[in-house]
Amino acid sequence: MASSETDSGCPGVEEGESFVKLCVLEGFSESSETKALIASLPEVHGDMVTSERATEKFLVTMDRYQEQPHLLDPHLEWMVNMILEFVRSDTSPPPLVHLSFKFLYIICKVRGYKIFMQLLPHEVADVHPVLDLLSRQDPKDTETWETRYMLLLWLSMTCLIPFDLCRLDGHLDSDGGKAKESTMDRILTIAKSYLLVSDSSRDAACVLVSKFMTRPDVKMKRLGDFLDYSLTTITQTNDLSPLDIGMLDGALQSLGKLFKHGKRDDLLQYAPTIMQCLEKKHLSESSQAKLRKQGVKLTQRLGLTFLKPRLAAWRYQRGNRSLAANLSASQSATAATPEVEIQELEEDYDIPEEVETVIEYLLVGLKDKETIVRWSAAKGIGRVTGRLPKELADEVVGSVLDCFSFQETDNAWHGGCLALAELGRRGLLLPSRLTDVVPLIVKSLTYEEKRGACSVGSNVRDAACYVCWSFARAYEPKELEPYVTQISSALLITAVFDRNVNCRRAASAAFQENVGRQGTFPHGIDILTAADYFAVGSISNCYLNITVFIASFPEYTEAMIDHLIAMKINHWDSVIRELATKALHNLTPQAADYMATTVLPKLLPMAVGIDLHGRHGAILACAEITHALYKLGLQTNRDVVDMISSECVDALKNIHQKLNDRKQYRGFGGELMRPAVCFLIEKLSLSKMPFKNDPVITGWQWLIDDTIKTLHPGVKDSTVGSLVSALSALCDEFYQAEPGQADLQIQDVLVSQYIEGLKSPQMLICCGSALALGCLPRFMIHGKVKQILEGLLQMCTVSQNEEKYTEARRDAVKAISQVCLKVGVCAHGSPDSALCSENVAEVYGVLLHCMTDYTRDSRGDVGAWVREAAMTSIMDVTLLVAVSAPEILLPDLVKRMMCRLAQQAAEKIDRYRAHAGNVFLCLLHSKEPAVPHIPHQEELLRIFPFETTTSLNWSAPSQAFQYITQLLRLPQYQYHTLLGLTVSVGGITESTVHFSSQSLFEYLRGIQENNAALTQFGDTLLSIFRDNLRNDMVSIPFLGMLNQMLANSCFEIFATQENHQFCVDILDLCKEFKKSKVIAKLRVSISVFCGLIQFQGEVRKRVLAQLLMLLCHPFPVIRKTTAGQMYEMLLTYDDVIDPEVLDDVLTLLSDANWESDLETVRTHRNQLCDWLKVSQPRKITKNPVPS
């Protein structure tokens, strides 16, 4: 749910409220359903399917409360009691018992075992039944591990009975004289055995050990032996085999929990021995993360055992957690602990030597490569430090701060942040240390270390946000006040500029916590409304919008700009670099002088530096800042050269030459440098830099032309876009001899060069040349229009005939419309200067021809790119002509245009259908200007009223086809509309086929009684078939559509007439496919033949003859398909053959092996011919060629 809200990237209270409504549950609303489900367990346990279904349903219900498990608390007792009734019942079969424990485990997993196990009954009477049931379990059964897990937890609770366990034993002598095992020994044996298993039961066994071994009677008799057993296990195992890893994990985990729950006085005598054993084991060097984690956990528990439990008197205390306690404390105004008293308490500390080893081990754990180990070590540092005297605790803090060295890895920085957060949260990081800590945290908030093609450090930044969050809760505002500027700026920088969304949200949450608890962050509330949890989810929104708002507060402006310059424009991710430069553009109005006098001089050396990413980002940033300063100067009537120094102007001018001299346009770096410098050329040209007639302009033009010549398939579209934008801006600013008049020499050179580029054998050079011609300003193409259009039109037609250069055709089509829009329309003008009556037909002819481009390659229907561009171009040109010279729009051109658009609007690809439909409606409803000569305009306006321009979703087949099929009523649109529907109805996309065929059949049902309309429709159908007989892209879908029409009896009127011409023509055309090698075409032809059998007369014999010939087709799969479909056909149309032979025919069709050799198949086929009274086909033998 969070992601769906976040994707919008829109801040606001309303979204936050909706998020709360969606995610926060008010209570356990499935109480009655859960009760019924638990009650049904005796009925469902016997069947695996029903029991799994019930388990899954219960699991889904419980998982809803994973985030708010406390809502289950009022209902846990009755749920547990209901389930335990099945467990305790003597009549319950084992499958029901296991299913019951599975349900208990699901509840336990959601609520947590510490809370849940308190609900389990723990009377004296429960000890032996639970122990006996656990003894009967098979530890190796992988299907029932939940049973063993829950029984071990239940046994852990029953161990808490306040009676000596020997009272439960009675007489231990058995009838045979052999002593029975005591209850204590039985429990201990079971606990030890389950410490060795590999499933979750081991975790429950560790809980059992911690509860059982701390009983007064057990620890007196068995504690020492158990510790010896555990130490032996630790000593004798290694981390190489899975079995040993499991045993070692069980031993370490059980000792950790034992030292956590046991009394210090009981365990202190054993702690040094265990510590020595751990030192010899060198667990910190183990390859298993879980062993290193358990080693850290046990070590910190040993450290807490060595130190007396006490609350450090020297710790920093902000106040109480309770508001009432805080208020009462402020009223009583209790004095702080005097320094003398603290000093006396310090003297009471007795610090064993082992504590130093513990702390050293935990500090090593802070640098572990796994997060779980570092987090456990951080908590251990916090716990142990709380029991140390002030001086030693300060030394620990100093050791933690050593993690923040740039010689350390990101793991050490992350562990250090976690430890500082823990120390601060516990009041163990005194305010006097903040001077050292805050700068390190600020560095951590922007920590990033490059590794290969990416970077690490997001976990460090996230942990640093946690530190800031914990500090907000730990310190009084007066303590943090000197550091407010540093912390607030660093948090905001992370919140809006971090690449990782989790870090941005963590920083936003930490900033919010500080605003709420400290109240000293400048403009905190205002910033939070713009940079809340949801708003920072969109990185582009952060860089381009939120940044501008925050920078309006002077406290943050320069810090944000400095961060972008130092950390983001040289980022390894190109998206971040580009966003950073756009952000600098947006921030320039907030600090124009700072940008001009400080930032730009700092960027210019980077723009010609050795670091590729830094160079790329710096060039883009220089371009954005210069253009932003120019736009700012327009508002104050100042030139950009008045705002930046002459040295900066010269440096900007020389960037290209320096890169060219160093050959930095070559190789991989050149792929970044070329578009970046083109972007710089565009922005400097738009900024009207005083470089006219300067040699640098020749260098810039050379770069643009050379980049066009060196384009290759790996080049991104953005590179080509930056090229044409740079060329357009360069021409506008520097190639005008007089305003509106081109420098004729440059004009001749550029136009001739780009027209020649259209003939290049390299496709991308053609693309670049076409786009270059399209982007040239009007004054540059004046007098050259005829020459340019001829080149573009020739490229569109020639390359389409050769079925290659699809992208080049697309760009040429775009260029045609751009040229026409720039030169305008003049009905009687010259073809060299405008679109006129002499060239309009040629332009429209090429654009209409491009709308029939169905080129396909390995990427699919790539011709759709050309069709889409042609539709856009024809709309733009038509509206332009309709404004200036509607008389040159001939009726035939308009008719062809509207019919082609109708065809595209009926086709199968949603995107292009939507585009065609929108263009169609735009031209239809255009009033100023109105498009003349639209065929059937009044009928079209009734079908498509004005409201459909906004309400009709052409992308949705359910909406589009019910409108477009109405065009079949209009004679001039019928052919093209039906041609478009052919590929939709006969396609393979289920939703498109369903709605298109539904709309088509609805139209056909409406003309069933109108013989003339149906005949016209049939003639149109035949015309499409004839025109596309050799075009598989149309003929195969056409046959599919025809098959559906025949199956739905759409030509029932024709079927009642003998030898109707429609059927004869269809049959003659379908016979053309019998020699085809395309399986799909042959299959669908068979279906059509079977559908044609419904027609009466001699044509039926001809259809049967074709089917019988296909029974001996060279492809076995076609023979088999024909036999199967003939069988179904004869069952459907029982009047086709004589009823006396019907059973024989059906038997032969179904039983014969039509995939066997042709001689055998031919015998069967000839038999069918005799029964069906059809002449046997004769095998044609080819005469040998005489030698």
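Q: In this predicted model, a charge counts as sitting over a ring if NZ of Lys or CZ of Arg is within 6 Å of the ring centre and within 35 degrees of the ring normal. How far from the ring centre of Trp78 is Lys35?
A: Going by that cut-off of within 6 Å, Lys35 makes the grade over the face of Trp78. Its distance from the ring centre is 4.8 Å.

Q: Which residue lies over the face of Tyr229?
A: Here's another charge over a ring, this time on a tyrosine. The distance to the ring centre is 4.7 Å, and the residue over Tyr229 is Lys192.

Q: What kind of ring pair do Phe471 and Tyr475 make?
A: The model has 28 aromatic pairs. In the pair of Phe471 and Tyr475, the ring centres are 5.4 Å apart and the planes meet at 85°. Planes over 60 degrees apart count as edge-to-face, so this pair is edge-to-face.

Q: Is Phe471 buried or exposed?
A: The cut-off for buried is under 20% relative accessible area. Phe471 comes in at 3%, while its ring partner Tyr475 has 0% and is buried. That makes Phe471 buried.

Q: Which residues do ring pairs link into a cluster along with Phe920 and Phe944?
A: The cluster is held together on paper by ring pairs, with Phe920 and Phe944 in it. The other members are Trp954, Tyr963 and Tyr973.

Q: What percentage of residues 896-1081 is helix?
A: UniProt, in an unreviewed entry, places "domain: Tubulin-folding cofactor D C-terminal" at this stretch. Strand accounts for 0% of it, and the end C-alpha atoms lie 30 Å apart. Helix makes up 68%.

Q: How far does helix α32 reach from its first C-alpha to its last?
A: Helix α32 covers residues 554-568, which is 15 residues. At 1.5 Å a residue the expected span is 21 Å, and the helix comes close to that. Its reach is 21 Å.

Q: What covers the buried residues of α32?
A: The buried residues of α32 include Tyr556, Met560, His563 and Leu564. Among the elements covering them are α28, α29, α30, α31, α33 and α34.

Q: What is the radius of gyration of the protein chain?
A: The chain has 63 helices and 4 strands. For 1187 residues the globule rule gives 32 Å, and the chain is well over that, so it's more spread out than a compact globule. Its C-alpha atoms fill a box of roughly 110 × 100 × 70 Å along the principal axes. The radius of gyration is 42 Å.

Definitions and conventions:
Residues are numbered from 1 along each chain as its sequence is written. This is a predicted model: local features need pLDDT of at least 70, side-chain atom pairs count only at pLDDT 80 or more; totals for chains, interfaces and linings use all residues. Side-chain values use heavy atoms; hydrogens and water are left out. Rings of Phe, Tyr and Trp (its six-membered ring) pair if their centres lie within 6.5 Å; planes under 30 degrees apart count as stacked, over 60 as edge-to-face and the rest as tilted. Buried means under 20% relative accessible area, exposed over 50%, partly exposed in between (1.4 Å probe, protein chains only). UniProt positions are given in the numbering used here, feature names are shortened, and annotations may be inferred rather than shown by experiment. Helices (H or I, at least four residues) and strands (E, at least two) are DSSP runs, numbered from the N terminus. The expected span of a helix is 1.5 Å times one less than its number of residues. Contact means heavy atoms within 4.5 Å. The radius of gyration is taken over C-alpha atoms; the globule rule is 2.2 Å times the number of residues to the power 0.38.
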